[in-house]
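Work through these exercises with the model open in a viewer. Each task is followed by a stepwise solution.

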Amino acid sequence: MLSVPIGPALLACLVCSETLVTAAAGLAECLSSAGVPVSLPGSPNYANLSEPYNLRLQYTPAVVVLPTTKRHVSSAVLCAAKSKVKVQAKSGGHSYASYSSGGQNGSMVISLESFQKIAVNGKGIARVGGGARLGNIATGIYNQSKRALPHGVCPGVGIGGHATHGGYYTIVALDVVLANGSFIHATPTAYTDIFWALRGAADSIGIITTFYFQTQPAPSSVVNWVYEIPMASPQVAANAFSHIQSFALNASVIDDKTGFGVTPSPSNFHISGTYHGDEATFRSKIAPEILRTLPTPSSTKIKSFSWIDSLADMWSSPLPQPLTGYDNHDNFYAKSILVPETTPLTPTALLNYFTYIATNGSKTPSWFSELNLLGGPSSKINTPQYPSAYSHRNSLWVLQHYAIVPANATGNTKPTIDFVKGLNEALGMGYKGYLNYVDPELSAKEAHETYYGKEDYERLVRIKKVVDPEAVFWNPQAVGV
């Protein structure tokens, strides 16, 4: 078993808070006895390993565990439980609220950086380590089998939170370490409650060391397309989006081969997407319906690619990501909205929204809004094969509102936070939210209602009480908080 012993000289710097020293000492002794590799405050690699993606929310973990086997993961969880130290796993580390850094000082962070193997078997099942990043997953699966998965568009994002919080429907099994240190293989027929809970609330239930995904044959041709549409006024923008929304619901034109999103600004729309088919069909059938009634585009891009080249073009960055030393960060605040397919955005709400953008968008130096299609005809997201704790299977749109906090803000983040909250409020209240765009401003109660709803949350609480009664797996918005 690989071991990095924890010597006495390092015990004093295990935590920064004096109140945690006693617990930290016991934790250090336990980890050392179990031969678990770690990084401690003061270690050469600790600063890089503990630095969050969102630099606005920084925490100091008691220890960053660096397991290379699932036995290391199990031993670390048991040591944390014994020492009354909370635990969070870190896959890619992109938690908007820095929950993969614990969400507080003094937690144990278990980095899954060593769990990045990708293998596809003869049945098209991809076995993916819990620390793999999307760009490496897409490349590895395609190179091995010319197959593919549905997933997001940022190559550096880790699979852990992305797949378990994002509603992705191709998970067929999971290898998991539970709070009692046991290993299980959860499937639709084995550990069914845990399988349900992990696909929506894994951060509260266990640590997934391996995912099993049902892949699909990669499309032979993918059309990437972009239109820049000038918007002369909020009313023009509202009318334009109303048409786009009608297009998204038009089963005579759109199906699961088409995906797209809209990025508005005070002066234009950026509409971009993909079509899994040939360029001639896109140009003759899809494009005319998208553009019908819209202002004439100021620029247009339509180009066919292979599946893997389509991803590279869409991501505008190399697909392969570093296996170690990943060092991308931002300083920001974000919120989200999920719009039900049964109650699409109304003309009044859209006019309020685009008026807010026109009035306030130029006052905030760096921000973006994305409205991405989740539902519509033939949406696989809304009709998964297996039910899960991802509670929003009736959504048409997911909106992300994201603003950079200026580096010279000197702690005054209120104007940025207020602007982002205003984007949400302009569309009206009562919407649910998307957990992968987690909002740390929400109370635990607000988060539970926003991300899960009453019925699913109550079921999650019942499962949590069975599999993690001491709340070893914890963050400020975790199940049971």
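## Exercises on a predicted model

The model is predicted. Keep that in mind throughout.

**Exercise 1. Overall build.** Find how many helices and strands the protein has, and decide how its radius of gyration compares with the globule rule.

*Solution.*
- Step 1. Count the elements: the protein has 14 helices and 18 strands.
- Step 2. Take the radius of gyration, which is 23 Å. The globule rule gives 23 Å for 481 residues, so the protein is as compact as a globular protein of that length.
- Step 3. Add the extents. The C-alpha trace spans about 70 × 55 × 40 Å along the principal axes.
- Step 4. Check burial. Of the 481 residues, 56% are buried.

**Exercise 2. Salt bridges within a helix.** State how many salt bridges the structure holds. Then place the pair E279 and R283 and the pair K414 and D418 in their helices.

*Solution.*
- Step 1. The total is eleven salt bridges.
- Step 2. Take E279 and R283. Their side chains form a salt bridge, with N to O at 2.9 Å. Both residues belong to helix α9, residues 279–291. They sit four residues apart, about one turn of the helix.
- Step 3. Classify the two. E279 has a relative accessible area of 24%, so it is partly exposed. R283, at 44%, is partly exposed.
- Step 4. Take K414 and D418. Their closest N and O atoms are 2.6 Å apart in a salt bridge. Both lie in helix α12, again four residues apart, about one turn of the helix.
- Step 5. Classify these two. Exposed means over 50%. K414 has 52% relative accessibility and therefore counts as exposed. D418 has 34% and counts as partly exposed.

**Exercise 3. A salt bridge across the chain.** Which parts of the chain does the pair D439 and K335 link, and is D439 buried or exposed?

*Solution.*
- Step 1. Confirm the contact: the side chains of D439 and K335 meet in a salt bridge, N to O 2.5 Å.
- Step 2. Locate the partners. D439 is in the loop between α12 (414–426) and α13 (444–451). K335 is in strand β16, residues 332–340. The pair is 104 residues apart and links distant parts of the chain.
- Step 3. Apply the cut-off: buried means under 20% relative accessible area. D439 has 2%, so it is buried. K335 has 13%, so it is buried.

**Exercise 4. A charged patch.** Which residues gather with R71 in a patch of positive charge? Where does R71 lie?

*Solution.*
- Step 1. On the surface, R71 gathers with K70, K117 and R127 in the positive patch.
- Step 2. R71 belongs to helix α4, residues 70–82.
- Step 3. With 43% relative accessibility, R71 is partly exposed.

**Exercise 5. Separation along the chain and in space.** Give the C-alpha separation for A25 and S83, then for E441 and L291.

*Solution.*
- Step 1. Place A25 in helix α2, residues 21–34. At 31% relative accessibility, A25 is partly exposed.
- Step 2. A25 and S83 are 58 residues apart along the chain, and their C-alpha atoms are separated by 9.0 Å.
- Step 3. Place E441 in the loop between α12 and α13. Its relative accessible area is 40%, so E441 is partly exposed.
- Step 4. E441 and L291 are 150 residues apart along the chain, with 38 Å between their C-alpha atoms.

Technical notes. Residues are numbered from 1 along each chain as its sequence is written. This is a predicted model: local features need pLDDT of at least 70, side-chain atom pairs count only at pLDDT 80 or more; totals for chains, interfaces and linings use all residues. Side-chain values use heavy atoms; hydrogens and water are left out. Patches are made of residues with over 30% relative accessible area and no salt bridge: like charges are joined within 9 Å, nonpolar side chains (Val, Leu, Ile, Met, Phe, Trp, Tyr) within 5 Å. Accessible areas come from the Shrake-Rupley method with a 1.4 Å probe; for residues, only the protein chains shown count as cover. A salt bridge is a side-chain nitrogen of Lys or Arg within 4 Å of a carboxyl oxygen of Asp or Glu. Lys and Arg count as positive and Asp and Glu as negative; His and the chain ends are not counted. The place of a charge is taken as NZ of Lys, CZ of Arg, CG of Asp or CD of Glu. Helices (H or I, at least four residues) and strands (E, at least two) are DSSP runs, numbered from the N terminus. Buried means under 20% relative accessible area, exposed over 50%, partly exposed in between (1.4 Å probe, protein chains only). The radius of gyration is taken over C-alpha atoms; the globule rule is 2.2 Å times the number of residues to the power 0.38.
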